Amino acid sequence: MGPETQNGDAEQSTFTNERSKWQDEEDHLPEASTPGSSDMDIRSLSSSQTEGNRSLPLPVWMRESSKSFHWRWVPLPIRHAARAVVKWSKGPDPPQIQKITPFFPFIQEAPAKFIDKHLPKRRHKAALLAFFYFCWLLTFILVLNHSAKAGNIKGYGKPASVWCGATFWNMDNECGLNGNRCRPFDNATLAFRCPANCKSLQVLEPHAVGAQQINYQPYVIGGPTASEENSTIPDTVYRGDSFICQAAIHAGLVGNDKGGCGVALLAGDQTNFTSTKRHGIQSIAFDSSFPKSFTFMSGLSSECVRDLRWPLLAVTCGFTTILSLCTTSPPVLFASIFTMLFFHVGLVSDPPNHSDYASLTSLIIGRFLPAAFVAFVIYRYSVKPQQTNLTANIERTILWLGGAWFGSLNNYTFYHLIPIQRLTPSDIQSQPGAKLALVLVVLLIFSIALGQVWYLRLEGLFRRYLAIYALFVAFLLFCVALPQLSLRIHHYFLALLLLPGTRPQTRPGLLYQGILIGLFVNGVARWGFDSIMQTTFELRGPGPFDPPLPNVTVPAVATSNITFAWSRPPQPYDGLSVLVNDVERHRWYYGEGDGPVHTFFRPDEKELEKQYFRFGYMRGSQTAKFTEAGVWGVDGSFRDIPD
């Protein structure tokens with residue numbers, strides 16, 4: 001064999017080896033596929049197989065799956081961002097279920113383990129729970145019964161229980177012509193008993209006092225008639241429409257923390273009510289006369305029982321704390337705490353307006369039954385997922401139970417912290433500080449929501465809850481779009497909107513859920529399930545549905561008399577009411593009397609007093625909104641009614 005043959009054999013061997021090598025690599029390659037096939041596989045060349053260590057860019061149709069071809073009009077970066085968001089919203093795989101690992105577990109679990117050790121059977125625990133309920137109920141009823149006793153005022157008998165906003169005179173023309181429905185004006189007494197915390201009550205709609213419009217403040221008109229330093233309780237005189245209990249606090253007869261009893265004496269017509277600040281209440285001045293006023297009697301011997309809401313708070317708070325520390329059962333915990341809080345708020349800390357405890361108890365029981373059904377839904381979808389297998393009993397007591405008490409005592413907590421009495425556009429526009437407070441509250445809720453969104457994503461629940469809250473938003477937008485109705489977000493409704501997002505078992509979630517449950521309890525126990533859709537008349541706020549105001553002219557004015565004329569009322573109104581110094585002095589109906597004109601005469605004894613006139617259309621016996629006051633001066637001049 002010659003050299004050529006050897007070289008040929010060597011070349012043949014090399015070719016065979018190379019072919020075998022390429023054949024082996026082809027055996028490991030995927031089968032050929034078309035761009036439209038679902039099993040398309042792209043294999044990029046390694047750097048050793050590319051010329052100059054450069055990889056060629058793949059076409060767009062190869063980088064995008066066939067399923068996304070119908071989104072080809074969307075720019076590629078946006079598609080990538082959308083895929084990233086969708087992937088993020090799914091959360092981790094597997095989901096990371098949140099669970100609180102208690103600090104010092106031996107200490108936090110000790111009460112529950114002690115009960116399990118000494119009462120291992122379920123019937124024993126049930127008997128202990130029944131005994132616990134009996135002890136709380138007995139203590140609660142005994143203290144409440146003692147607090148409900150009105151006591152006795154010597155010479156005047158048992159005082160009548162009045163609510164913080166009770167008054168001797170009704171608003172606008174509700175006392176009738178010349179105030180005849182609110183008689184007697186003098187020489188009469190009322191023995192009364194006020195509850196605690198009356199100083200915080202404010203009027204939530206404009207009340208006219210002469211030319212002033214009083215809103216979002218206590219309603220006390222008048223005060224000491226003598227000098228501030230030498231004044232005593234009998235020296236204080238208040239206009240008849242002042243809140244009796246707030247006037248008693250202003251005079252120093254009744255304390256705000258525990259309430260108290262007193263006797264009010266009607267003093268008839270009075271002039272020039274002064275403005276002073278006493279005991280935390282700023283009274284309102286009125287520089288003209290009013291037919292009904294009152295003062296208070298001092299030096300009386302009484303056995304008045306004070307408001308015992310604070311001792312009862314200690315009782316219920318103590319029992320709920322013991323239960324939270326000792327139980328590991330979510331249904332037992334929630335049902336017990338919810339019931340105790342509800343009856344404590346409704347009967348003790350923030351009761352609805354009532355005349356006696358029998359009617360109050362009937363009202364609270366009637367509100368509790370529908371509230372219990374809603375509470376079951378809250379437990380099923382929010383409380384149960386969060387409380388299941390939670391062993392950090394001390395942390396739960398501090399965060400969840402503490403938050404529930406904070407929310408349920410709304411009249412002492414949020415009421416003073418947030419200057420928003422009603423979440424309506426008119427209130428937010430007119431109440432001082434409401435806009436800033438609303439912005440801060442929204443930012444706080446938004447920041448809390450971001451944290452809860454993160455936990456929901458970790459548990460793989462973000463998409464589900466996003467759909468739920470999308471339905472909530474759609475429902476609210478639908479309510480806003482309804483004509484002739486205004487959306488009012490009560491705090492019980494706000495709690496229902498936010499509670500689903502507190503499902504994950506985290507320490508912040510415990511606090512948030514407790515506060516929201518407390519707000520729900522306070523809202524329903526105090527106000528009931530008030531409608532979230534209300535008419536403009538119910539809200540008494542300015543808006544496009546306000547009734548028209550009378551167009552009044554003054555054809556003649558002098559120091560002793562003044563004449564007013566007005567046009568015919570528009571439909572559906574048929575009359576007009578005239579208030580003089582906030583008392584109805586004239587009522588006119590179309591087709592009756594001398595026509596749409598009337599002359600008022602100034603009495604000789606009031607020749608040095610201003611007179612305040614306000615006008616409002618009537619429809620039968622119902623009165624629309626009154627104008628602001630026009631002022632008839634002592635010099636015979638008249639300041640026109642503001643537009």
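**View 1. Strands β8 and β11 pair in the antiparallel sense.** Strand β8 covers residues 270-273 and is joined to β11 by 3 bridges. This model is predicted. Within the pair, threonine 271 stands opposite serine 289 in β11. Strand β11 spans residues 286-290. Of its 5 residues, 4 are buried, so β11 is largely enclosed by the rest of the structure.

**View 2. The whole protein chain sets the scene for the close-ups.** The chain has 643 residues, and 42% of them count as buried. It holds 18 helices and 23 strands. Its accessible surface comes to about 34,800 Å². Carbon and sulfur atoms account for 61% of that surface. Among contacts in the chain with a separation of 6 or more, 72% are between residues 24 or more positions apart.

**View 3. An open sheet of 6 strands has mixed pairing.** The strand order is β1-β2-β7-β12-β6-β5. Strands β1 (160-161) and β5 (222-224) stand at the edges. Each has a single partner strand, so one side of each is left without a neighbour in the sheet. Inside the order, β6 (residues 236-239) pairs with β12 (residues 293-296). That pairing is antiparallel, over 2 bridges. Here arginine 239 stands opposite serine 293 in β12.

**View 4. Helix α7 lies across strands of the open sheet.** The helix is made of residues 244-251. It lies across β2 (186-194), β5, β6 and β12. Relative to β12, helix α7 runs at about 45°.

**View 5. Strand β17 is mostly covered.** The strand runs over residues 575-580, and 6 of its 6 residues are buried. In a regular strand the side chains alternate between the two faces of the sheet. Here Gly575, Ser577 and Leu579 point one way from β17. Leu576, Val578 and Val580 point the other way. All of these residues are buried.

**View 6. Strand β17 has antiparallel pairings with β18 and with β20.** Strand β18 covers residues 583-589 and is joined to β17 by 6 bridges. In this pair, leucine 576 stands opposite tryptophan 588 in β18. The hairpin of β17 and β18 has 2 residues between the strands. In that hairpin, asparagine 581 takes a positive phi near 55°. Strand β20 covers residues 611-619, and its pairing with β17 also spans 6 bridges. There, valine 578 stands opposite phenylalanine 615 in β20.

**View 7. Tryptophan 88 and phenylalanine 462 form an aromatic pair that links distant parts of the chain.** A search of the whole structure finds 36 aromatic pairs. In this one, the ring centres are 5.6 Å apart. The planes stand at 75°, so the pair is edge-to-face. Tryptophan 88 belongs to helix α3 (residues 76-90), and phenylalanine 462 to helix α15 (residues 462-481). The two residues are 374 residues apart. Tryptophan 88 counts as partly exposed, at 34% relative accessibility. Phenylalanine 462 counts as buried, at 15% relative accessibility.

**View 8. Phenylalanines and tyrosines form one aromatic cluster.** The members are Phe334, Phe338, Phe342, Phe343, Phe368, Tyr379, Tyr492, Phe520 and Phe529.

**View 9. Arginines lie over the faces of tryptophan rings.** Arginine 526 lies over the face of tryptophan 527, at 3.9 Å from the ring centre. Arginine 602 lies over the face of tryptophan 632, at 4.0 Å from the ring centre.

**View 10. Cis peptide bonds precede proline 94 and proline 184.** Aspartate 93 is joined to proline 94 by a cis bond with omega of about 5°. Proline 94 lies in the loop between α3 and α4 (105-108). Arginine 183 is joined to proline 184 by a cis bond, again with omega of about 5°. Proline 184 has its place in the loop between β1 and β2.

**View 11. Asparagine 197 and asparagine 389 take positive phi values.** Phi of asparagine 197 is near 65°. Asparagine 197 is found in the loop between β2 and β3 (207-209). At 11% relative accessibility, asparagine 197 counts as buried. Phi of asparagine 389 is near 60°. Asparagine 389 is found in the loop between α10 (357-387) and α11 (393-408). At 58% relative accessibility, asparagine 389 counts as exposed.

Notes:
Residues are numbered from 1 along each chain as its sequence is written. This is a predicted model: local features need pLDDT of at least 70, side-chain atom pairs count only at pLDDT 80 or more; totals for chains, interfaces and linings use all residues. Side-chain values use heavy atoms; hydrogens and water are left out. Buried means under 20% relative accessible area, exposed over 50%, partly exposed in between (1.4 Å probe, protein chains only). Contact means heavy atoms within 4.5 Å. Accessible areas come from the Shrake-Rupley method with a 1.4 Å probe; for residues, only the protein chains shown count as cover. Rings of Phe, Tyr and Trp (its six-membered ring) pair if their centres lie within 6.5 Å; planes under 30 degrees apart count as stacked, over 60 as edge-to-face and the rest as tilted. A charge sits over a ring if NZ of Lys or CZ of Arg is within 6 Å of the ring centre and within 35 degrees of the ring normal. Two strands pair if DSSP finds at least two bridges between them. Axes are lines fitted to C-alpha atoms, for helices over the stretch in contact, and angles run from 0 to 180 degrees between N-to-C directions.
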